[in-house]
Amino acid sequence: EAAYEALWLLKMQEGKTGAVYSGLTEENGKLTLHQPDIEACQYFIVAMAKFSQSMKNYDSTFATECLRASDAAWKYVESIRNSQKEEDAAVKAKIDESLRFFGAAELFRASGAYRYHTVVREYVPNTTDENKWSKEEYLGIYTYLGTRLAVSRNICEEWMKQIMDMGEGIAGDSKDDSMLALSVKDGVSCQNLLWKMTVMTSIDYIIGNHEYDTILENNLHYLLGRNVNSYSYIAGYGNDSV
């Protein structure tokens, strides 16, 4: 399934420049490509590099094709980022530096190229406060920590310390709650809870902590109905859901 989607993504890349189209519309049987989009390009870089890393043990030829596509998209974004042309200014302003970091981390793990490692190392000063990490930054950090290449041990040690502190903070908030979970207020999305459980799951994978297993279970119980409203917050589960 992932390979099927990756093949579709490859078709969304402009061959000459490496740019990525933002979408595809069908009307009256006619397909129309949307204009290239810098955000689509940055997510393309991440997705194709990550897929390449996962696919290389099953189909190395296809994995290499996807990695090259990711690298081509990277070069396109970098050409815009480094451009001094006035006509590129509007697109240049839309480049997300946290996504650039995430893409560099994925490309470094998949290729081992030094230029990507340089980007990761240079971005470190912007991610020293764990409370300000975006999802893209956290996932990029996690990718770097799992890279089986020569990485900076000092950077990894600092990030690991901050991630462990995040885990303890989430654990403390869960234990202090009457439901032993990160309770959601009425009318508020569960997205924050789900993200914090994503972080907790990733930390639990690193250290295999029984306490964290229990916290994850309690928050799952909460989402499935063990909450003040007795609602299931997961679509398709439970007779009384919201």
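Ser230 is partly exposed, with a relative accessible area of 49%. This residue belongs to the segment after helix H10 (210-224), and its phi is positive, about 55°, although Ser230 is not a glycine. The model described here is predicted. The protein has 242 residues, of which 42% count as buried, and its secondary structure consists of 10 helices and 2 strands.

**Overall layout**

- Along the sequence, the elements follow the pattern α-β-β-α-α-α-α-α-α-α-α-α.
- A box of roughly 55 × 55 × 40 Å, taken along the principal axes, holds the C-alpha atoms of the protein.
- Contacts between residues at least 6 apart in sequence can be sorted by separation: 58% of them join residues at least 24 apart.

**Surface and charge**

- About 14200 Å² of the protein is exposed, and carbon and sulfur atoms supply 50% of that area.
- The protein carries 24 positive and 35 negative charges. The mean positions of these two sets of charges lie 7 Å apart.

**Nonpolar core**

- The largest nonpolar core contains 65 residues. Tyr138, Trp159 and Met200 have the most contacts inside this core.
- Helix H3, which spans residues 60-81, gives the most to the core, with 10 residues.
- Met200 touches Gly167, Ile170, Ala171, Tyr212, Ile215 and Leu216 when residues up to four places away in sequence are not counted.
- Tyr138, one of the residues with the most contacts in the core, has a relative accessible area of 2% and is therefore buried, the cut-off being under 20%.

**Aromatic residues**

- The structure holds 10 aromatic pairs.
- Phe101 and Tyr123 form a stacked pair, because their ring centres are 4.9 Å apart and their planes meet at 20°, which is under the 30 degrees required for stacking.
- Phe101 is in helix H5 (residues 97-111) and Tyr123 in helix H6 (residues 114-123), so this pair ties together parts that are 22 residues apart in sequence.
- Both partners are shielded: Phe101 counts as buried at 1% relative accessibility, and Tyr123 counts as buried at 10%.
- Tyr138 and Trp195 make an edge-to-face pair, with 5.8 Å from centre to centre and 90° between the planes.
- Tyr138 sits in helix H7 (residues 135-145) and Trp195 in helix H9 (residues 191-207), so the pair links parts that are 57 residues apart in sequence.
- Trp195 has 18% relative accessibility and so counts as buried, since the limit is under 20%.
- One aromatic cluster is formed by Phe101, Phe108, Tyr123, Tyr144 and Trp159. Of these, Trp159 is also among the residues with the most contacts inside the largest nonpolar core.

**Backbone at Asn28 and Ser230**

- Most residues other than glycine have a negative phi.
- Asn28 has a phi near 55°, a positive value in a residue other than glycine.
- Asn28 is placed in the loop between strand S1 (24-27) and strand S2 (30-33).
- At 78% relative accessibility, Asn28 counts as exposed, because the threshold is over 50%.
- Ser230 also has a positive phi, of about 55°. With 49% relative accessible area, Ser230 is partly exposed, because exposed requires over 50%.

**Distances along the chain and in space**

- Leu7 lies in helix H1 (residues 2-11) and counts as partly exposed at 45% relative accessibility.
- Leu7 and Cys66 are 59 residues apart in sequence, and their C-alpha atoms are 8.7 Å apart in space.
- Ser60 is in helix H3 and is partly exposed, with a relative accessible area of 45%.
- Ser60 and Thr198 are 138 residues apart along the chain, and 30 Å separates their C-alpha atoms.

Conventions. Residues numbered from 1 in each chain as written. Predicted model: local features only at pLDDT ≥ 70, side-chain atom pairs only at ≥ 80, totals over all residues. Heavy atoms only, no water. Core = buried A, V, L, I, M, F, W, Y, C linked by side-chain atoms within 4.5 Å. Buried < 20%, exposed > 50% of the residue type's maximum accessible area, 1.4 Å probe, protein only. Helix = DSSP H or I, 4+ residues; strand = E, 2+ residues; numbered from the N terminus. Contact = heavy atoms within 4.5 Å. Areas by Shrake-Rupley, 256 points an atom, 1.4 Å probe, with all protein chains shown as cover. Lys, Arg positive; Asp, Glu negative; His and termini not counted. Charge placed at Lys NZ, Arg CZ, Asp CG, Glu CD. Phe/Tyr/Trp six-rings, centres within 6.5 Å; stacked < 30°, edge-to-face > 60°.
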